[in-house]
Amino acid sequence: MNWGWIQNNLGEIASLLGQHVLLAVVPVVAALVIALPLGYLVFRTGKGANPILAVLGVIYSIPSLALFVALPVLLGTRILDPVNVAVALTIYSVALLVRSVVDGLRSVPPSVKQSASAVGFSRWGRLLRVELPLAMPVVFAGLRVVTVSNIALVTVAVLVASGGLGQLFLRGYNSIFYTPLIVGLVLTVLLALVADGIILLIQRGALPWARGRRA
C-alpha cells in the first residue's frame, strides 16, 4: 500500500467517491418512486402478478454490461454517457423493488384488511394507513439489497462510462499498481456497509411497530 499516493490523490478519490454515491443512489430513489405504485398495480392483478414478476425477474437477470452497452442505442445517448448507467440501474432497481412491494402487500393478513374495512377505511385509506405500512419492512429489505447491488454495479459501469470508484480499479489494473485498486475496493465495501446501515436506521425510525414486533 502506497500511502504517499493516497495522500497526493485525496481530492480525486473524494470526487470519485461522490460520483459513485450519485450514480448508485439516484437510481434507487427513482426506482422506489416508480416501484411503489407499480407494485400495487401488479398486486391488484391477483393471479396475474406471478407472470409479471417472472418477466421482471428475467429483466433483472440481464447481464449489466450488456444492458449498459444496449441502452445508448435505445436512448440515443453517447456510449460513455453516465445517463446510460443511471437508466440501467433504475431498471434493475424497479425490477427488484416491484417484487418487494408485491411480497410486502401479500404479507398483510386478510383479517387485518377486513378489520380495517369494518371500521370504515376506504380502499385507498386502508392501503395508505394499514396495508402499505405493514408491507414496508419487506420493501425496506428489498431496498437494502438494491442499494448494495447498485453500489457494486457502478464499479462495473467504468467499462462504459466515466466516474465512480471503478476508475480506481481500472487505473490499478492497467498500471499494475495496486494501491488505487485496493483503495477502490475498500471504499466500495465501506460505502455499501454505510448505505445499508443508514437504510436500516431509517427503517427502525420510520417503522417502530415493526421493531417492536421483531423484539
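This report walks through a pocket, a surface patch, the salt bridges and two long-range contacts in one protein model. The model is predicted.

## The largest pocket

Rolling a probe the size of a water molecule over the atoms shows where empty space is left. Here, the largest pocket has a volume of about 280 Å³. Its lining counts 16 residues. Nearest the centre lie V25, V28, L143, T147 and I199.

Which helices each supply at least two residues of that lining? They are α2 (10-44), α7 (123-156) and α9 (178-206). Helix α9 gives the most, with 6 residues.

What kinds of residue make up the lining? It is made of 15 nonpolar residues and 1 polar residue, with no charged ones.

## A nonpolar patch on the surface

Helix α9 also appears in the next feature, through V186. A nonpolar surface patch covers about 760 Å². Its members are I176, Y178, I182, L185, V186, V189, L190 and L193.

Take V186 as an example. This residue sits in helix α9. Is V186 buried or partly exposed? Its relative accessible area is 42%, so V186 is partly exposed. A residue joins a patch only with over 30% relative accessible area, and V186 at 42% clears that mark.

## Salt bridges

Side chains of opposite charge can pair when their charged atoms come close. In this model the count comes to 3 salt bridges. The table lists each pair with its N to O distance.

| Pair | Closest N and O atoms |
|---|---|
| R171 and E12 | 2.4 Å |
| E131 and R126 | 2.8 Å |
| R144 and D196 | 2.8 Å |

Start with R171 and E12, whose closest N and O atoms are 2.4 Å apart. This pair links distant parts of the chain. R171 is in helix α8 (residues 166-175), while E12 is in helix α2. They are 159 residues apart. R171 has a relative accessible area of 32%, so it is partly exposed. E12 is partly exposed too, at 33% relative accessibility.

Now turn to E131 and R126, which form a salt bridge at 2.8 Å. Buried means under 20% relative accessible area. E131 has 3%, so E131 is buried. R126 has 18%, so R126 also counts as buried.

The remaining pair is R144 and D196, with side chains that meet at 2.8 Å, N to O. R144 lies in helix α7 and D196 in helix α9, so the pair ties together parts that are 52 residues apart in sequence. At 25% relative accessibility, R144 counts as partly exposed.

## Two contacts across the sequence

Two further residues show how sequence separation and spatial distance can be read side by side.

Where is L23 placed? It is in helix α2. L23 has a relative accessible area of 14%, so it is buried. How far apart are L23 and V85 in space? From C-alpha to C-alpha they are 7.3 Å apart, with their positions 62 residues apart in sequence.

T179 belongs to helix α9. Its relative accessible area is 5%, so T179 is buried. The C-alpha atoms of T179 and L168 are separated by 8.7 Å. Along the chain these two are 11 residues apart.

## Helix α9 in review

Helix α9 comes up again and again. This helix gives the most to the lining of the largest pocket. V186, a member of the nonpolar patch, has its place in α9. D196 in α9 pairs with R144 in α7. The buried residue T179 is in α9 as well.

Terms used: Residues are numbered from 1 along each chain as its sequence is written. This is a predicted model: local features need pLDDT of at least 70, side-chain atom pairs count only at pLDDT 80 or more; totals for chains, interfaces and linings use all residues. Side-chain values use heavy atoms; hydrogens and water are left out. On a 1 Å grid over the protein atoms alone, a cavity is a set of points where a 1.4 Å probe fits but cannot get out, and a pocket is an open set with protein on both sides within 12 Å along at least five of seven lines; lining residues have an atom within 4 Å of a point. Grid points are joined across faces, edges and corners, and a volume is the space filled by probe spheres set on the points. Helices (H or I, at least four residues) and strands (E, at least two) are DSSP runs, numbered from the N terminus. Ala, Val, Leu, Ile, Met, Phe, Trp, Tyr, Cys and Pro count as nonpolar, Asp, Glu, Lys and Arg as charged, and the others, Gly among them, as polar. Patches are made of residues with over 30% relative accessible area and no salt bridge: like charges are joined within 9 Å, nonpolar side chains (Val, Leu, Ile, Met, Phe, Trp, Tyr) within 5 Å. Accessible areas come from the Shrake-Rupley method with a 1.4 Å probe; for residues, only the protein chains shown count as cover. A salt bridge is a side-chain nitrogen of Lys or Arg within 4 Å of a carboxyl oxygen of Asp or Glu. Buried means under 20% relative accessible area, exposed over 50%, partly exposed in between (1.4 Å probe, protein chains only).
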